[in-house]
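Student: I'm new to this one and would rather understand one part well than skim the whole thing. Could you pick a part and take me through it slowly?

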Amino acid sequence: MTSATDSPFFPAVPDSPDAVLDGLDPEQREVATALQGPVCVLAGAGTGKTRAITHRIAYGVRAGILQPAGVLAVTFTNRAAGEMRGRLRRLGAGGVQARTFHSAALRQLQYFWPRAVGGELPRLLDRKVQLVAEAAARCRIRLDRNELRDVTSEIEWSKVTQTVPEDYPGAVAKSSREAPRDPAEIAGVYGMYEQLKRDRGVIDFEDVLLLTVGVLQDRHDIADQVRRQYQHFVVDEYQDVSPLQQRLLELWLGDRDSLCVVGDASQTIYSFTGATPDHLLNFRTRHPDATVVKLIRDYRSTPQVVHFANGLLAQARGRAAEHRLELVSQRGPGPEPVCAEFPDEPAEAEGTARRIRELIKPIEQGGGGVPASEIAVLYRINAQSEVYEQALADQGVPYQLRGAERFFERPEVREAGVALRGAARAGGNDALLEDVVDLASQVRAVLGTKGWTAEPPTGSGAVRDRWESLAALVRLAEQFSSSRTAAGLEQTTLADFVAELDERANAQHAPTVEGVTLASLHAAKGLEWDAVFLVGLTEGMMPITYARTDEQIEEERRLLYVGVTRARLHLSLSWALSRSPGGRATRRPSRFLNGLRPGSAAGAGTPAPGGGGGIERGAARRKRPGPVRCRVCGRTLTDAGEMKLMRCEDCPSDLDEALYERLHAWRAEQAAETGQPAFCVFTDKTLMAIAEAVPADESQLVAIAGVGARKLNRFGADVLALCAGQEPAREAPSGNGEESAGD
């Protein structure tokens, strides 16, 4: 996984303003040199927009046109802001403020609050959901977990669109927004939530912007001071700006027009949070003399991926579609995108995992291939991840859930931080560092006491996961040292690196960890991979079933477009005709694929897909089983875990507990011998199913969900021996998780 703005290279700091412009294409150079008046950059996916705007700021600073302290660059995530600051440092433009809207507003609010209001700024709520739950209870409204989340989102939407509680029902009706409950009830909960905040002297995330806007509107002296501080503004991802953020930007600017905005209306995917592309699309109307530059050279994706992406948008309708950018790939040719159809969701997950295994396998054998960290499986909603987690585990493929445990919160990373901080304090008095001088060697020496080695452990599993985290820190130290050396800075110390880690932890700017990424399409925004698998592309999921208006449908199309443009080289799109094995094939591929998947009719304005491409039909390779029914009560099973057990979760179990314990112990031994995590041998549910069925032969064993031909060949003899009350035969493990050529 790579950030769309990331770079592994750290060139020397340019020695002159003109040198900052070296390597930019004509359109990027036009952006970088347009330093007067309002500028609007319409930048397609993969066109180097971050490169263009950071070089623009650096060129202005190095040429003496912009003062570093007078520039405020605003983006939407702490990670993106951190990367922007890093790029600016490497271009010799340190001192420029690069922040999120909320970070910049909070900093100003903290500084001016004593003067504008008096006293200390109220405490910021960590999470508002608990207070929303209390507000609902006081209104005598019962909310389940999902409703609580949805009502909380409605309150957030109301605040960023500057809608007060009493106006909420009317605003919902006017916007054709689908309220999760009666709008009058939500308005009541919203009003009570605001009252509880006032009573307890706390503010929430949205209040930071609202209060900053209020202070700047009411106190002209404070607004003037902020405007004296910042004379030039740059706003990235401008298509995602909310009305409240736009109002704050206008107050920062005052009557000036020294503003550069960058965005792509075709990547507007956050309207449910209040974001709107209208500010981007209306920029020329508000600023008739604006310079408008279009970036369409795609440096990320192959011509085949770009052609597919262009074809997807060619069918789009609405105002954003009228401003779509036709991308032109700057890369060499690659494989055609693959469309794959499967009979059911488990088959789709298994097929995806097999293909991923095929991409990774050459690397394990010392050849080419795609690293696991450069592969992503993207889906519409997080609930789709479970079946892919299971399928990847069955194939022995490591994975990481984006949005799950954060890198800097992992135990091994916390331990490493403590060790590095201690070594930095000890300085030359630490015996570990006696014979090492450079930063990277010092970090290797310290982390060597925590489990890092020059060579990775064999296989996968907890030991490998720990090593990967530590190895990511070592690579980061190497890159950090190189970047500072290239910038002409003095020798980098361990204390400098610890400070960098602290800054990254605060911004959640984590280094790359080996493993296939599983993420929702929304979470994938701003990232890119060599291989991307877009799964579950059926009507009702893409577009999602609750997208009803034309505008909502078009946002779903844009969401798929964002997924397609995450791929550099390999792109796979798949769907399943039914949810579970044996189910009725009632599902249809997403309408967005019409004219793009082979054999489908192109919609109006849709170009025929170029080259061959291909459609794989999983049904042709897979015998369709009948419905899976509970062996106790006979009910049809649809849950993946229940299907493994062949019974309902709450139906009586005839588990052989002694066998289950023996299987558990055997699995632990196998995992230790091969270096794999235990679930890659068999999951707990599969072990439970085996202990309940007690198979007597291979045909009975392979019929259990989660076994399959590959695991039958590898583990079948051992499992059947355990089921028969015998000890499995002992063989030397191969250590690589695969059968040898002689097996």
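Tutor: Let's start with a word we'll need all the way through: two strands are said to pair when DSSP finds at least two bridges between them. The strands themselves are DSSP runs of E with at least two residues, while helices are runs of H or I with at least four, and both are numbered from the N terminus. In general, strands of a sheet pair through backbone hydrogen bonds, either parallel or antiparallel.

Before we go in, keep in mind that this is a predicted model, in which local features need pLDDT of at least 70 and side-chain atom pairs count only at pLDDT 80 or more, while totals for chains, interfaces and linings use all residues. Residues are numbered from 1 along each chain as its sequence is written, and side-chain values use heavy atoms, with hydrogens and water left out.

The part I'd pick is an open sheet of six strands, paired in parallel and ordered S4-S3-S7-S8-S2-S9. At its edges you'll find S4 (97-100) and S9 (291-295), each with a single partner strand, so one side of each has no neighbour in the sheet. Going from one strand to the next, the twist averages 15°; angles here run from 0 to 180 degrees between N-to-C directions, using axes that are lines fitted to C-alpha atoms, for helices over the stretch in contact.

Now home in on S8 (259-263). How many of its residues are buried? Five of its five, so to speak: S8 is mostly covered. Buried means under 20% relative accessible area, against over 50% for exposed and partly exposed in between, with a 1.4 Å probe and protein chains only. Leu259, Val261 and Gly263 point one way from the strand, Cys260 and Val262 point the other way, and all are buried.

S8 has strands to pair with, so let's take them in turn. Strand S2 (residues 39-43) runs parallel to S8, and four bridges join them. One pair to look for is Val39, whose bridge partner in S8 is Cys260. Then there's S7 (232-235), which pairs with S8 in the parallel sense over three bridges. Here Phe233 has Leu259 of S8 as its bridge partner. You can also follow the chain between these strands: S7, helix H12 (residues 243-253) and S8 make a right-handed β-α-β unit. Right-handed means that, with the strands pointing away from you, the path from the first strand over the helix to the second runs clockwise.

What comes after S8? A loop lies between S8 and helix H13 (278-281), and Ser266 is in it. With 2% relative accessibility, Ser266 counts as buried. Setting aside neighbours within four places in sequence, Ser266 is in contact (heavy atoms within 4.5 Å) with Leu313, Arg324, Arg558 and Tyr561.

Pro277 sits in that loop between S8 and H13 too. Its relative accessible area is 14%, so Pro277 is buried. Again leaving out neighbours within four places in sequence, Pro277 touches Gln239, Ala265 and Thr268. Have a look at Val241 as well: Pro277 and Val241 are 36 residues apart in sequence, yet their C-alpha atoms are 7.4 Å apart in space.

To finish, slide over to the edge of the sheet at S4. Strand S3 (residues 71-75) pairs with S4 in the parallel sense, over four bridges. Within that pairing, Val74 has Arg99 of S4 as its bridge partner. Helix H4 (residues 78-90) packs on the sheet here and touches S3 and S4, its direction making about 170° with that of S4. Another helix, H5 (residues 101-116), lies across S3, S4 and S7, running at about 105° to S4.

If you want a route for your own tour, begin at S8 with its five buried residues, step across to S2 and to S7, then follow the loop past Ser266 and Pro277. Leave S4 for last, as one of the edge strands.
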